[in-house]
Every structure is written in structure tokens, then in C-alpha cells.
Amino acid sequence: MKKLLVLGGGYGGLALIQDLLNHQLPNDVEIVLIDRMPFQGIKTEYYALAAGTVSDHNLRIAFPVHPRLSIKYGEVGSIDLERRLVLMADGEPVPYDILAIALGCTDNYHGIPGAEEHTCSIQSLPGTRETYRRLSDVKPYGTVNIVGGGLSGVELAAELRESRPDLNISILDRGDRVLSAFPAKLSEYVEEWFSEHQVQTLSRISVSHIEKDAVFNGSQAIASDVTVWTGGIQPVQVVQNLNVAKDRGGRVLLGQYYNIPEYPEVYVIGDCASLPYAPSAQAAGAQGEQIGQILRALWRNEKPRLHKIKLKGTLGSLGKTEGFGLLGSRSVMGRVPRILKSGVLWMSKRHFG
């Protein structure tokens, strides 16, 4: 039997598995999924769990049940590409014939002193649970600072405002405006929403270091009861440790079929892969499906034929009733993008669950 080992049951890993299970698998192929959790966590909604507006249970999707799929729970410690072995954190070796790395990302603290030690995270389910606990424990009129004015920071700030109207909430961003990767009019709309809902946005903040009760903009101390980090991501440590070519962001450089040129049996999906678009759940899912197509073609001894991935757009929420987004090159604001995002979440649960 050939073993396809999939590391990570997130959007990319599950999309690959689902594509293969939906078609006729060769009789000599088995799929093994390794994940540290017994279900997929819907990462795009972790901001709501951190803010306390949804429960942990609402963000779980059960893994597929199929006679050709087995699941192993545990933490991946390292990958030995030469020996075709994945070493678990407890030292157990797991061999593979084909490997798909879909382990996602972790926070990038950019070498800022105190950032890792004194901030909360929404990059993992355990980390988000801890962030929820710490935010819930902030006393009335306390101060929460969110470092990073990208999509995650904006959604968290808005959701937390609806959950805790008593708190003083600020977004600290190094750019001139929040959502700097989006068109200016979208940023203006979000800034207006924040102004109406008493969320402060501070631009051109260059965080020099972070302490337990303060974020420092150079020598200026910004008081903080809880600081949440949404200031950047990078591939997980296991991928950082791989001795292969990477881009400036630490993501693995790949061949035309999303595999490592020196190790063609190893595919890399999602946040760990160097792709021509920004990391996202949508991109990881689309790439996972294409790798399924690639493998099915190779198993038939055919040349894979791929179409260019076309992303549908980006949607963000401002609490439960308003939102914003880009559909192609078109900016959308108000109730419609929020409704669309709820629909996408429902479809995701229905597709994978």
C-alpha cells in the first residue's frame, strides 16, 4: 500500500482529502491524517471565540469518516525528508510515500522584545481559548490593545466591542490606516464604524517592545490590561526547520505542481507554501483541491492539467450585522457582505461537516 500522509486537518488538508475521497481512490492507496485536534477548528472565526460571541462547539467541523482514511492525533515534531519520515513530538516515526504539509501558520513577532511573552494569540484553538479567558477577565473600563490593523485585528476589535461595550479598545497599526491592503474607501468605512462605536485606531505606531501592562511606541508607553497580537504570521516551526528553499516570508518555494523540486513526493499547502496570493482559507482550500487533481492524474499515469486558481474575494465582519469586502475588484460595505460571510461559513460547515 502507498501511504499518503496529510499533516494538518485545516482548510487545505481537508480540501485535499475530500477531493480524493469523492473520487475513486486506487486500491493501493491509503490516506492518513495527522492533527493535534480531534476536529477541524474554523480558524476564520477564531476572532469571535476570543471575543466571547460564539462557543467553542460552534467552530468545530468533524473530520470525514471513510474506510480508506485513518486519523492519528498528536503533535508533529519534525520532518525527515531524506528518510521519508514524520517524527511525532513524542519521538514516534511515521513513514510516508507521499506527504502533504498543511500545518498552517503561527504568529510572527518580528523580533520585538516581549511580544511573544506578553501578548495573546488567535492563531490556534488552544491559544484562542486562552485569549478568550484573558479578555473575559478584564475588569469593566479596562483597556485592550490589538496590535495589527489587518483583517484579523479589525474583526476582533469589532466583535469585542459588541461583546464588551464597557472596555476601552484600541487598534495599534504601523501603517497610515487600518486594512492597508484594501482600497482606501473600505478603510474609511471601517474607520467610521470604529469611530461610531468608540474603538480607537492609532496609526503609525512602531512597536519597540511590549511589557505586561504596556505597549511601547518607542519611548511612549501605551497602557494595556490585555494585548492581543494580530501583527503578522509565518509558517509553523516544523516548516521553518526544513532545509529547503523558501521565500522572504519563510514559505516553501514549490514547483508547478505545488511540490518541493528536490522532493517531488512532498506537497505543501496553504500558509506554508510560497504562492502568488496572500495566505487565506480560500486559497488553501483551492490549492488542496488542485493537489487532489494532480495526484489523481499521476495515479492514472497522466500529465496533470491545472487551471489558474481564481479567488472569489475577501469578506470581513464588523460585529453581527455589518461587514465589508472585496468581490473581485468591487468594494462592498454594509449588511450584504456580512450576510455573504455568514453564508460562506454555513457552506463551509455543510461541505466539510
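## Strand β1 and its sheet

Start with strand β1 (residues 2-7): five of its six residues are buried, so the rest of the structure largely encloses this strand. Keep in mind as you look around that this is a predicted model.

Which strand pairs with β1 in the parallel sense over six bridges? That is strand β2 (residues 29-35). Two of the bridges are easy to find on screen: Lys3 is partnered with Glu30 of β2, and Val6 is partnered with Leu33 of β2. Strands in a sheet pair through backbone hydrogen bonds, either parallel or antiparallel.

Zoom out a bit and you'll see an open sheet of six strands, in the order β5-β2-β1-β9-β20-β19, with mixed pairing. The edges are β5 (69-73) and β19 (259-260), each of which pairs on one side only.

## Ala100, a buried spot in β9

Now move along the sheet to strand β9 (residues 98-101), where Ala100 sits. Is Ala100 buried or exposed? Its relative accessibility is 1%, and buried means under 20%, so Ala100 counts as buried.

What does Ala100 touch, once residues up to four places away in sequence are set aside? The list is Leu5, Val6, Leu7, Leu16, Tyr267 and Ile269. Val6 is the residue bridged to Leu33 in β2. There is also a long jump in sequence here: Ala100 and Ile291 are 191 residues apart along the chain, yet their C-alpha atoms are separated by 9.0 Å.

## Two cores, two domains

The largest nonpolar core has 51 residues, and Ile79 and Val86 touch the most other members. Leaving out neighbours within four places in sequence, Val86 is in contact with Leu5, Leu7, Val76, Ser78, Ile79, Glu92, Pro93, Val94, Tyr96 and Leu99. Another core, of 42 residues, lies apart from that one, and its members include Met37, Phe182, Trp193 and Val226. As a rule, nonpolar side chains tend to be buried together in soluble globular proteins.

As for domains, the assignment for the chain gives domain 1 as 2-36 + 74-106 + 233-300, and domain 2 as 111-231. Their C-alpha centres lie 32 Å apart.

## Helix α6: one side in, one side out

Helix α6 (residues 184-196) is a good one to check with a ruler. Its 13 residues should span 18 Å at 1.5 Å a residue, and the end C-alpha atoms are 18 Å apart, so the two values agree.

Which residues of α6 are buried? They are Leu186, Ser187, Tyr189, Val190, Trp193 and Phe194. These residues cover an arc of only 160 degrees around the axis, so they sit on the same side of α6. Ser195 and Glu196 are on the other side, and they are exposed.

The buried residues of α6 have plenty to pack against: α5 (151-163), β12 (168-172), β13 (199-202), β21 (313-318), β22 (322-327) and β23 (330-334). One of those buried residues, Trp193, is also a member of the 42-residue core. Just after the helix comes Gln198, with a positive phi near 55 degrees.

## Helix α4, for comparison

Helix α4 (residues 125-136) has 12 residues and reaches 16 Å from first C-alpha to last, close to the 16 Å expected at 1.5 Å a residue. Its buried residues are Leu125, Gly127, Thr128, Thr131 and Leu135. They cover an arc of only 155 degrees around the axis, which puts them on the same side of α4.

What do the buried residues of α4 pack against? They meet α2 (46-51), β11 (143-147), α5 and β17 (226-229). Helix α5 is also on the list for the buried residues of α6.

## Two loop residues with positive phi

Arg204 isn't a glycine, but its phi is positive, at about 55 degrees. You'll find Arg204 in the loop between β13 and β14 (207-211). With a relative accessible area of 60%, Arg204 is exposed.

Asn301 isn't a glycine either, and it has a positive phi of about 60 degrees. Asn301 lies in the loop between α8 (281-299) and β21. The relative accessible area of Asn301 is 75%, so this residue is exposed too.

Conventions
Residues numbered from 1 in each chain as written. Predicted model: local features only at pLDDT ≥ 70, side-chain atom pairs only at ≥ 80, totals over all residues. Heavy atoms only, no water. Core = buried A, V, L, I, M, F, W, Y, C linked by side-chain atoms within 4.5 Å. Buried < 20%, exposed > 50% of the residue type's maximum accessible area, 1.4 Å probe, protein only. Contact = heavy atoms within 4.5 Å. Helix = DSSP H or I, 4+ residues; strand = E, 2+ residues; numbered from the N terminus. Expected span 1.5 Å × (residues − 1). Arc of directions from axis to C-beta. Domains from an automatic or database assignment. Pairing = 2+ DSSP bridges.
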